[in-house]
Amino acid sequence: TLVVNSGFVLLFVQVLWAHLLCGWAFGSELTFELPDNAKQCFYEDITLGTKCTLEFQVVTGGHYDVDCRLEDADGTVLYKEMKKQYDSFTFTAAKNGTYKFCFSNEFSTFTHKTVYFDFQVGEDPPLFPNENRVTALTQMESACVSIHEALKSVIDYQTHFRLREGQGRSRAEDLNTRVAFWSIGEAFILLVVSISQVVLLRSFFSDRKTTTTRVGS
């Protein structure tokens with residue numbers, strides 16, 4: 001007979017709910033299309049002393065590179081990189097205000113990109129109100145904290161695996177398109193060469209009419 005502790009089940013449900021709330025309240029995650037010769041900016045209100053992390057990666061398009069720029073509320077450039085495939089930048093807000101980070105594909109004339117970014121603002125609140133107390137956590141509370149941390153790791157791994165799967169699919173489709181065009185070109189060349197050979201062989205075996213000219217005396 002399986003006996004389930006109702007208190008543990010309740011705490012486990014609270015862990016899942018708190019984990020979902022943390023994901024919604026303390027981060028911005030988005031995958032978007034960035035056309036050629038285009039620039040896309042995003043804005044986030046941040047308070048003084050908040051620790052933030054910006055992570056981005058180009059999923060599809062061209063050489064998988066993009067320009068990234070991060071500015072504080074006064075327009076001071078905190079981070080600027082050109083033609084990066086992926087990167088991560090962590091900073092602590094030195095002032096209150098609206099921070100802006102932009103992705104630019106203006107250097108590309110005909111290739112659009114698919115860009116993923118994750119902008120984390122602040123740190124997760126404690127799972128339990130008394131988690132920072134002096135006394136140690138109970139065994140059940142420690143188990144819930146471990147589950148919470150494991151769930152965050154699972155989400156990070158799933159996100160990176162989805163990005164790698166998207167990149168792999170994009171490269172496979174691009175390779176398939178190139179192979180298809182190459183096959184069509186080879187088939188056309190083979191057809192032209194075959195027709196040319198048939199015409200040339202027929203010209204060798206065709207009867208030529210000869211004309212005789214009589215010269216009168």
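**Notebook: helix segment, Lys113 and salt bridges**

I began with residues 179–201, where the chain is 100% helix and 0% strand, and the end C-alpha atoms are 33 Å apart. The model is predicted. I checked the record for this stretch: an unreviewed UniProt entry places the feature "transmembrane region" at residues 179–201.

I then looked at Phe188, which sits in helix H2 (residues 139–205). I noted a relative accessibility of 56% for Phe188, so this residue counts as exposed, the cut-off being over 50%. Phe188 belongs to a nonpolar surface patch together with Ile189, Val192 and Val193. I recorded about 370 Å² of accessible area for the four together.

Next I turned to Lys113, in strand S8 (residues 113–121). Is Lys113 buried or exposed? I found 2% relative accessibility, so Lys113 counts as buried. I listed the residues that Lys113 touches, leaving out those up to four places away in sequence. Among them are Phe32, Glu33, Leu34, Val58, Asn105 and Phe107. Thr60, Gly61, Gly62 and Asp65 are also on that list.

I looked at Asp65 in more detail. Which residue forms a salt bridge with Asp65? The partner is Lys113, with the closest N and O atoms 3.1 Å apart. The pair links distant parts of the chain, 48 residues apart: Asp65 is in the loop between strand S3 (51–60) and strand S4 (66–71), and Lys113 is in strand S8. Both Asp65 and Lys113 are buried. I also noted a backbone contact: a polar atom of the Lys113 side chain lies 2.8 Å from the backbone oxygen of Asp65.

I searched the whole structure for salt bridges and got seven. I followed Lys95 first. The side chains of Lys95 and Asp72 meet in one of them, at 3.9 Å from N to O. This pair too links distant parts of the chain, 23 residues apart, with Lys95 in the loop between strand S6 (86–92) and strand S7 (97–104) and Asp72 in the loop between S4 and strand S5 (77–84). Asp72 has a relative accessible area of 9% and is therefore buried. Lys95 is at 26% relative accessibility, so I entered Lys95 as partly exposed.

Lys95 also meets Asp74 in a salt bridge, at 2.7 Å from N to O. Asp74 is in the loop between S4 and S5, 21 residues from Lys95. I entered Asp74 as exposed because its relative accessible area is 57%. Last, I noted that salt bridges sharing partners join Arg69, Glu71 and Lys100 into one network.

Conventions. Residues are numbered from 1 along each chain as its sequence is written. This is a predicted model: local features need pLDDT of at least 70, side-chain atom pairs count only at pLDDT 80 or more; totals for chains, interfaces and linings use all residues. Side-chain values use heavy atoms; hydrogens and water are left out. Helices (H or I, at least four residues) and strands (E, at least two) are DSSP runs, numbered from the N terminus. Buried means under 20% relative accessible area, exposed over 50%, partly exposed in between (1.4 Å probe, protein chains only). A polar contact is a pair of N or O atoms within 3.5 Å; within protein, one must be able to donate a hydrogen and the other to accept it, and residues adjacent in sequence count only if both atoms are side-chain atoms. Contact means heavy atoms within 4.5 Å. Patches are made of residues with over 30% relative accessible area and no salt bridge: like charges are joined within 9 Å, nonpolar side chains (Val, Leu, Ile, Met, Phe, Trp, Tyr) within 5 Å. Accessible areas come from the Shrake-Rupley method with a 1.4 Å probe; for residues, only the protein chains shown count as cover. UniProt positions are given in the numbering used here, feature names are shortened, and annotations may be inferred rather than shown by experiment.
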